[in-house]
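Here's a quick briefing to read alongside the structure. Have the model open while you go through it.

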Amino acid sequence: MSRFIPRALMAPAVLSLFLWMIVPLVMTLYFSVIHYNLMQPDKVGFVGLENYIYFMTDPSFGTAVMNTLLLLGSVILITVIGGTLVALLIDEPFLGRGLVRILLISPFFVMPTVNALLWKHMMMNPIYGVLAQVWHFFGATPVDWLTDFPLFSVIIIVSWQWLPFATLIFITSLQSMNREQLEASRMDGANYLQQLRYLYLPHLARSVAIVVMIEMIFLLSVFAEIYTTTGGGPGDASTNVAFLIFKQALLNFDAGVASAGAMFAVVLANIAAVFLIRMVGKNLDK
């Protein structure tokens with residue numbers, strides 16, 4: 001009875017969570033193996049792997065996968081390195097540190113669509129944007145970022161929003177460092193670079209693993225920033241897997257192919273999750 005009662009009390013929550021996850025997955029799997037176009041609702045039939053083949057042989061598929069991986073790797077690299085540097089910079093006490101921390105963290109709470117609009121119109125607009133004014137000040141021709149460097153622009157936009165998240169995690173981790181150990185290292189003659197290599201970075205290893213895991217899960221589904229700024233273009237220059245699924249689902253009205261793309265994204269996310277869980281597990285065991 002001592003084991004049955006806790007399990008019985010947890011059962012409704014566990015069952016609800018299971019249904020919340022499994023029902024959409026089963027429906028997506030079902031639609032991925034049938035022909036179901038919203039423009040032809042009367043023509044429904046089993047097609048097997050035809051939707052998967054159609055999705056993976058789409059001319060945009062290879063570009064979308066490469067853009068997804070490039071976006072993922074670039075944003076994680078920028079946020080981990082930048083977040084570490086910013087966290088180390090504001091770790092020491094100084095006047096107004098609390099206000100600075102609030103200002104650094106605030107971009108993370110901006111909605112993705114609003115974030116994209118701010119960068120599109122306020123920063124990267126080639127006529128009246130802030131960057132265009134800087135270019136004019138130095139006598140240079142402004143750059144049309146979203147047209148000439150679409151994927152790079154999206155990477156900058158997404159990195160700006162996720163940098164505060166990494167900074168917050170690293171600041172929290174640095175607060176738990178043993179200050180006596182740092183003082184002892186200074187007394188032994190260790191300079192800042194030696195402290196950084198042998199004390200700070202090893203202490204931040206677990207936090208880095210957590211940041212990489214969380215960001216990788218969320219960045220696989222980046223969509224609002226692309227839709228709001230570049231629309232996946234020019235051509236497929238900034239199209240990722242999530243945006244390709246959107247094009248198949250809403251622009252081509254093909255729910256079957258879009259569901260096949262969604263299942264591909266699920267497989268990709270699970271491969272990343274297995275890799276990340278092992279990486280985090282190794283860091284937690286140290």
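What follows covers the nonpolar cores, a surface patch and a buried threonine.

This is a predicted model, where local features need pLDDT of at least 70, side-chain atom pairs count only at pLDDT 80 or more, and totals for chains, interfaces and linings use all residues. Residues are numbered from 1 along each chain as its sequence is written, and side-chain values use heavy atoms, with hydrogens and water left out.

**Inside**
- The largest nonpolar core (buried Ala, Val, Leu, Ile, Met, Phe, Trp, Tyr and Cys residues joined through side-chain atoms within 4.5 Å; buried is under 20% relative accessible area, with a 1.4 Å probe and protein chains only) has 34 residues.
- Within this core, Ile76, Val158, Leu174 and Leu219 have the most contacts.
- At least two core residues come from each of helix 3 (61-89), helix 8 (150-175), helix 10 (192-219), helix 12 and helix 13 (255-285), with helices being DSSP runs of H or I, at least four residues, numbered from the N terminus.
- Helix 8 gives the largest share, 10 residues.
- Another core, of 11 residues, lies apart from it and includes Phe61 and Val257.

**Surface**
- Met111, Val114, Leu118, Met122, Val130, Val134, Phe137 and Phe138 make a nonpolar surface patch of about 800 Å².
- Met111 sits in the loop between helix 4 (97-105) and helix 5, and counts as exposed because its relative accessibility is 56%, the cut-off being over 50%.

**Thr239**
- Thr239 is in the loop between helix 11 (224-229) and helix 12 (241-251).
- Thr239 counts as buried because its relative accessibility is 1%.

Methods: Patch = residues over 30% accessible without salt bridge, like charges linked within 9 Å, V, L, I, M, F, W, Y side chains within 5 Å. Areas by Shrake-Rupley, 256 points an atom, 1.4 Å probe, with all protein chains shown as cover. Salt bridge = Lys/Arg side-chain N within 4 Å of Asp/Glu carboxyl O.
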